[in-house]
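Please open the structure in a viewer and keep the selection tool at hand. The tour proceeds stop by stop, with a selection to make at each one.

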Amino acid sequence: SFKKKKQARPRFAGLFDKTQNAILKDDLKKADELVIKLREMKAVNDYEQSRLHLIDYWYYGKQGNKELENDAASKLVSIGAGNIDPQAFVEAGMRLLKRQFNNQDIGGAIETLTNLRKEPEAQVELMSVVSAVKKLDDYAEQKTNIVQKITTNEKGNWSAKLFKPHFAFSDVNGEISTLEFNCANKQSTLSYKPDSVMEIPEAWGSCTMKVNAKPNTVFNLIQLQQKPT
């Protein structure tokens, strides 16, 4: 098959540079217009697509929108190795990894770590968070249930990438209302059913689950190694 060379179209590259400059200069009014134009150009390869995600990552970071910034970083890290400047890739990946780890998003952090390891320049940075890396590697290898004690934020939310397809909640202190699933092939919102084991159909692909609850609700999330019999 004819492999597209790793490069951006000249017009795309020019627009990318202009947008990057506007963001760096904190000229968000100009950045607003340029980001729209850049998105309208629709990426033709991973090289360009990575740059779109990188712009989104910087742009939402400047706006202080952590959720969209993390989302852009996650998309960037999934295809960015070898496609964008290693320094920018490692910076975004490390920042995302620390956020996911601190948020107890094990599934997301394991995925980010796997992607970071594709970039040799990440090695040094990963040495600086060696205990977190070891913990994540242990989780990835773990052949037993993964149990985490979670507290939702002041809005009552907590989200993470599911690492196992079967999971359950226990010891809920507070109130969980709904669970939102944002998966590769499906989006769905389900009512929370106490004392039931939930299963994500394989066809949905990898899923991020968002728990909607009362503020500061505490619960245990149990991700099961095997389907209960």
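The stops below begin with the whole chain and then turn to single elements and residues.

**Whole chain**

Begin with the entire protein displayed as a cartoon; the model is a predicted one. The secondary structure amounts to 8 helices and 8 strands. The radius of gyration is 19 Å, close to the 17 Å that the globule rule gives for 229 residues, so the protein is as compact as a globular protein of that length. Oriented along the principal axes, the C-alpha atoms fill a box of roughly 55 × 40 × 35 Å.

Next, switch to a surface representation. The accessible surface of the protein comes to about 13,200 Å², and carbon and sulfur atoms account for 49% of that surface. Of the 229 residues, 41% are buried. If contacts are drawn between residues at least 6 apart in sequence, 69% of them join residues at least 24 apart. Colouring by charge brings up 34 positive and 29 negative charges; the mean positions of the two sets are 3 Å apart.

**Helix α3 and Leu-52**

Select residues 46-63, which form helix α3, and within this helix pick Leu-52. Is Leu-52 buried or exposed? Its relative accessible area is 10%, under the 20% cut-off, and Leu-52 is therefore buried. Now display its surroundings: leaving out residues up to four places away in sequence, Leu-52 touches Phe-12, Leu-38, Arg-39 and Ala-43. A distance drawn from Leu-52 to Lys-42, C-alpha to C-alpha, reads 8.8 Å, for a separation of 10 residues in sequence.

**Helix α6**

Move on to residues 106-116, helix α6. Of its 11 residues, 9 are buried, so the helix is largely enclosed by the rest of the structure. To see them, show the side chains, where present, of Ile-106, Gly-107, Gly-108, Ala-109, Ile-110, Thr-112, Leu-113, Asn-115 and Leu-116, which are the buried residues of α6.

Which elements cover these buried residues? Among the helices, the cover includes α4 (66-79), α5 (86-102), α7 (122-127) and α8 (130-141). Strands β1 (146-151) and β2 (157-161) also belong to the cover.

**Asn-153, between β1 and β2**

From those two strands, select the loop between β1 and β2, where Asn-153 lies. Asn-153 has a relative accessible area of 31% and therefore counts as partly exposed. Beyond its neighbours within four places in sequence, Asn-153 is in contact with Pro-215 and Asn-216. Add Val-218 to the selection: Asn-153 and Val-218 are 65 residues apart in sequence, while their C-alpha atoms are 9.8 Å apart in space.

**Two aspartates with positive phi**

Select Asp-171 in strand β3 (residues 166-173). Although Asp-171 is not a glycine, it has a positive phi of about 45°. With 60% relative accessibility, Asp-171 counts as exposed.

Then select Asp-195, in the loop between β5 and β6 (198-199). Asp-195 is not a glycine either, and its phi is positive, at about 55°. The relative accessible area of Asp-195 is 77%; this residue is exposed.

**The disulfide**

Show the cysteine side chains next. How many disulfides does the structure hold? There is 1, and it joins Cys-183 to Cys-207, with an S to S distance of 2.1 Å. The link is right-handed, with 105° about the S-S bond. Cys-183 belongs to strand β4 (residues 176-183) and Cys-207 to strand β7 (residues 207-213); 24 residues apart, the two link distant parts of the chain. Both Cys-183 and Cys-207 are buried.

**Strand β5 and Ser-188**

For the final stop, select residues 187-191, strand β5, and centre the view on Ser-188. Ser-188 has 15% relative accessibility and therefore counts as buried. Apart from residues up to four places away in sequence, Ser-188 touches Leu-179, Glu-180, Phe-181 and Trp-204. To close, draw a line from Ser-188 to Lys-25: the pair are 163 residues apart in sequence and 39 Å apart in space, C-alpha to C-alpha.

Conventions. Residues numbered from 1 in each chain as written. Predicted model: local features only at pLDDT ≥ 70, side-chain atom pairs only at ≥ 80, totals over all residues. Heavy atoms only, no water. Helix = DSSP H or I, 4+ residues; strand = E, 2+ residues; numbered from the N terminus. Rg over C-alpha atoms; globule rule 2.2 N^0.38 Å. Buried < 20%, exposed > 50% of the residue type's maximum accessible area, 1.4 Å probe, protein only. Contact = heavy atoms within 4.5 Å. Areas by Shrake-Rupley, 256 points an atom, 1.4 Å probe, with all protein chains shown as cover. Lys, Arg positive; Asp, Glu negative; His and termini not counted. Charge placed at Lys NZ, Arg CZ, Asp CG, Glu CD. Disulfide = S-S within 2.5 Å.
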